[in-house]
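I set down here, in order, what I looked up in this structure. The entries begin with helix packing and end with a strand pair.

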Amino acid sequence: MSVMDAIMAQCRNTALIMGVIALIGLLLQKKNATEVVSGTLKTVIGFMVFTIGSNAMSAVVNNFSTIFNLAFGIEGVTTQVEVATALALDTYGTEVAMVFVLGFIFNLIVAKFTRFKAIFLTGQHFLYFACVLALVFIAHDCPFWVTTIGGGLMLGFFGAAMPTLCQSYMNKIVGADNLAIGHFNTIGYWFSGWIGKMISRVSPQKQKDSSEMKMPAFFQLFRDFVFSVALFMIVLFYVAVIAAACNGHLPEVREMAGADIWFIYPFLQGLQFAAGMSVLIYGVRQFIAEITAAFVGISEKYIPDAKPAVDCPAIFPFAPTAVLVGFVGSLLGGLFAMLLMVVFKSPTIMIPAAGICFFSGGTCGVFGNAYGGWKGAFVGSFIVGIALCALPLILYPAFSALGIAGASFPNVDYNIIGAILDGILGLFAFGG
């Protein structure tokens, strides 16, 4: 290997790229040497921790996919964005990292010079959407510069513009116009809020707020993200293992279990997945926090009238029961979508993930509750739950061909904007 090849190979090390991004941001803010070194190293270490967690989760997902295929003869895909992101970064880390950092820069530019003033502070969602946009460009054989600049421009624009779609509902929920939603499921949240409004118009009397409902204590446990992921994966594994055993594939399951007893194996795999998720999320939060802090400092200095777009849990305290109603509604909607895929013999079956149902579905519940009470929370989240499970079918074939298989990107914005971009790029003939 030549020196240049070695340098180029090193440049594809995403952990180092993230470190350089943090370094530049800290230097632009004129931080002292200690803060620059600390922030840069924390970013690199955080991404390395993320990689450890993603590898653990990917191994479990591969095991589940194998058992699911044995049991049902179809391809089962979890709507687990963290796993899909890990796979994308492992293969196309340089492209995704460049889209990610350019997206932050273009977000600041759009907020500075247009009426869209949101600064998107939910760094992990910025990263997930960067993966989707980069993969769509790559799937069409776009040159590196087209992928990175085009993806960065789109990411920056939508990061500033999409929160505006939900702003009227956010003002109603929060009671002020000082906060925006920074979560790329804004089309789903807007739709859920609109459903709530329609329900309030059909029934002019004041809708019963979700806070007046008494939810079973069991559902409170799902506020613990790790618990919900572990329980859901354990259930999925047991369903797949029992179905595989009933179809005569118990020897294969025992071989996969290795030293573990086959009927304990699903329990351990579910916990292993949750453990990997915990590690991954810790890593994401660490390296995203450092990078976001760098860009926040820049935005506060140069864009004083900007509005922070924050992660969805920030609004959960305003309607905590609606979050649980939305979680249940979204999960039922996802299971209904999965049933339809089975009935209509879809070659790929999307499996709703507990995490996406809780965070995105729960947020839909808060938006639907704003005007439509518990009915708006449930109906809105149920319909969006269907979309969260079904929409990934649009882009999954292209992503699977790139090696991003076994997991998908579920949120509505990813798939609607990604599908439109996919259609537009299909009009061109990149790479012959």
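How do the axes of helix 6 and helix 8 cross, and within what distance do they come? I worked on a predicted model. In this model the axes of helix 6 (residues 144-165) and helix 8 come within 9 Å, and the crossing is at roughly 10°. Angles under 35 degrees count as roughly parallel, and I therefore entered helix 6 and helix 8 as roughly parallel to each other.

I next listed the residues at this contact. Helix 6 contributes M162, P163 and L165, and these meet T186, I187 and W190 of helix 8. By class, I noted 5 nonpolar residues, 1 polar residue and no charged residue in the contact of helix 6 with helix 8.

I then turned to T186. This residue lies in helix 8, which spans residues 186-202. T186 is buried, because its relative accessible area is 0%, and the cut-off for buried is under 20%. Leaving aside residues up to four places away in sequence, I found that T186 touches M162, P163, L165, C166, I181 and D413. With D413 there is a polar contact, side chain to side chain, at 2.6 Å.

My last entry concerns the strands. I recorded strand 1 (residues 75-78) as paired with strand 5 in the parallel sense, over 4 bridges. E75 stands opposite T348 of strand 5. Is T348 buried or exposed? T348 is buried, as is M350 on that side of strand 5 (residues 348-351). On the other side I349 and I351 are buried too, and both faces of the strand are covered.

Terms used. Residues are numbered from 1 along each chain as its sequence is written. This is a predicted model: local features need pLDDT of at least 70, side-chain atom pairs count only at pLDDT 80 or more; totals for chains, interfaces and linings use all residues. Side-chain values use heavy atoms; hydrogens and water are left out. Helices (H or I, at least four residues) and strands (E, at least two) are DSSP runs, numbered from the N terminus. Buried means under 20% relative accessible area, exposed over 50%, partly exposed in between (1.4 Å probe, protein chains only). A polar contact is a pair of N or O atoms within 3.5 Å; within protein, one must be able to donate a hydrogen and the other to accept it, and residues adjacent in sequence count only if both atoms are side-chain atoms. Contact means heavy atoms within 4.5 Å. Two strands pair if DSSP finds at least two bridges between them. Axes are lines fitted to C-alpha atoms, for helices over the stretch in contact, and angles run from 0 to 180 degrees between N-to-C directions. Angles under 35 degrees count as roughly parallel, over 145 as roughly antiparallel, 65 to 115 as roughly perpendicular and the rest as oblique. Ala, Val, Leu, Ile, Met, Phe, Trp, Tyr, Cys and Pro count as nonpolar, Asp, Glu, Lys and Arg as charged, and the others, Gly among them, as polar.
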